[in-house]
Amino acid sequence: MADVARLAGVSHQTVSRVINGHPNVRQETVLRVQRAIDELGYHRNSTARALVTRRTNVLGVLAFDTTLFGPAQTLAGIERAAREAGYFLSMVSLDDVSPAGVVAAADFLIQQSVEGCIAIAPQRGLVDALAALPGPLPLVAVEGGEGSGLPVVCVDQVQGAGEAVRHLLALGHHTVHHIEGDPLWLESEARAFGWRRALEEAGAPVPEPLQGDWSPRSGYDLGRALVGRRAAGERVTAIFVGNDQMAIGVLRALHEAGLGVPGDVSVVGFDDIPEAEYLTPSLSTVYQDFAQVGRESLALLLGEIGAGRTGSADPAGAGRRVVPAELRHRGSSGPPPP
């Protein structure tokens, strides 16, 4: 900064004001300082700045299983929102969601001097471990369910599943079968609840759901099981699948059985992966706005930091933000066969 000040012919304090966007600096001075910055290739020293301001502008992220589409897109949404707000991220990928594993991951982030943490917390055990964390770390859980006392940002999984079921019923299907995701995941639980509630509200039969694990292979195997139930006389004309990857497996199983989609069986997935629109037929699915989840998570965390709250200091649940889901009707859903 001293080099920049000498080259621009201004004081060290003026350079600081320009860098920090202070309004009381003449435009010609701003331009002169900026030219000196460009000429010298100056970059501010974040460590030195943190010593002066006692702010690091670094936020932590605790993430679990980012190989899956939902967590990966959630992480991308948080990173974009943080970057736009001028924050850096330090991330820990969790393999061990036990209380000891979560404490170790949180300690690592605290050693990086993060100002707060966003946890992508899709499993009940992980949420419980986060809620029990000791120490002074402001924390927001993404997809953290209800009742934990943590500030939470989530997509309305129940509403999204309900829209999928009501869409299929409105097309004329007498009921909708369901393939659930991993039973340990809160999203799987919420989507199954939304499916069941929509059927019950419509007075439609509630078939026994099948338990998957998010993978295309499990969708394929369970799709074959539904084909078998159909061959045995069960009326299987519509399937709501817990995510798009499993839905891809279902489409394969139906194709191999010689069943048309949507002529014989309609299929609706969840997530709206980029490939969904380009499948044959294109996949009807429920879209999640992960960019909005990122923005809401960051805004809620910065509010927690500003208010000086830490950990599970939100027992009333006031810090809960819900992002609506959106059904996208494409080629894989249509009226049932005559």
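User: What counts as a helix or a strand here?
Analyst: They are DSSP runs, numbered from the N terminus: at least four residues of H or I make a helix, and at least two of E make a strand. Labels such as α9 and β11 below follow that rule. The model itself is predicted.

User: OK, pockets. What volume does the largest pocket have?
Analyst: About 310 Å³.

User: And which elements supply at least two residues each of its lining?
Analyst: Strand β5 (152–155), helix α8 (157–170), helix α9 and strand β11 (320–323) each do so. The largest share, five residues, comes from α9.

User: Which residues lie nearest the centre of that pocket?
Analyst: Gly 145, Glu 146, Val 158, Ala 190 and Arg 320, out of 16 lining residues.

User: How many cavities of 30 Å³ or more are there?
Analyst: Three, from a search of the whole structure. The largest cavity holds about 110 Å³ of space.

User: What lines the largest cavity?
Analyst: Its lining includes Leu 68, Phe 69, Gly 70, Pro 71, Trp 185, Trp 214 and Asp 271. Helices α5 (69–84) and α9 (186–202) each give at least two residues to this lining. With three residues, α5 has the largest share.

User: Changing topic: how many salt bridges does the structure hold?
Analyst: It holds 14. One of them pairs Asp 272 with Arg 328, with the closest N and O atoms 2.9 Å apart.

User: Where do Asp 272 and Arg 328 lie?
Analyst: Asp 272 is in the loop between β9 (266–268) and β10 (285–287), while Arg 328 is in strand β12 (residues 326–328), so this salt bridge ties together parts 56 residues apart in sequence.

User: Are those two buried or exposed?
Analyst: Asp 272 counts as buried because its relative accessibility is 12%, and the cut-off for buried is under 20%. Arg 328, at 26%, is partly exposed.

User: What about Arg 330 and Asp 272?
Analyst: They form a salt bridge too, with 3.0 Å between the closest N and O atoms. This pair also links distant parts of the chain, since Arg 330 is in the segment after β12 and Asp 272 in the loop between β9 and β10, 58 residues apart. Arg 330 is buried, at 17% relative accessible area.

User: And which residue does Glu 326 meet in a salt bridge?
Analyst: Arg 328, at 3.7 Å from N to O. Glu 326 is partly exposed, with a relative accessible area of 38%. Through shared partners, Asp 272, Glu 326, Arg 328 and Arg 330 are joined by salt bridges into one network.

User: Now Glu 180. Where does it lie?
Analyst: In strand β6 (residues 177–180). Glu 180 is buried but has no salt bridge. The nearest side chain of opposite charge is that of Arg 196, 5.6 Å away. That distance is beyond the 4 Å limit, so the pair does not count as a salt bridge.

User: What is Glu 180 in contact with, leaving aside its neighbours within four places in sequence?
Analyst: Its contacts are Ser 188, Ala 192, Pro 209, Leu 210, Gln 211, Gly 212, Asp 213 and Met 246.

User: Last one: what is the mean pLDDT of the protein?
Analyst: The mean is 89, and 93% of the residues reach 70 or more. Residues 312–317 are below 50, and that stretch has ten contacts in the model beyond near neighbours in sequence. Where pLDDT is low, predicted coordinates should not be read in detail.

Technical notes:
Residues are numbered from 1 along each chain as its sequence is written. This is a predicted model: local features need pLDDT of at least 70, side-chain atom pairs count only at pLDDT 80 or more; totals for chains, interfaces and linings use all residues. Side-chain values use heavy atoms; hydrogens and water are left out. Buried means under 20% relative accessible area, exposed over 50%, partly exposed in between (1.4 Å probe, protein chains only). pLDDT is the predictor's confidence in each residue, from 0 to 100. Contact means heavy atoms within 4.5 Å. Lys and Arg count as positive and Asp and Glu as negative; His and the chain ends are not counted. On a 1 Å grid over the protein atoms alone, a cavity is a set of points where a 1.4 Å probe fits but cannot get out, and a pocket is an open set with protein on both sides within 12 Å along at least five of seven lines; lining residues have an atom within 4 Å of a point. Grid points are joined across faces, edges and corners, and a volume is the space filled by probe spheres set on the points.
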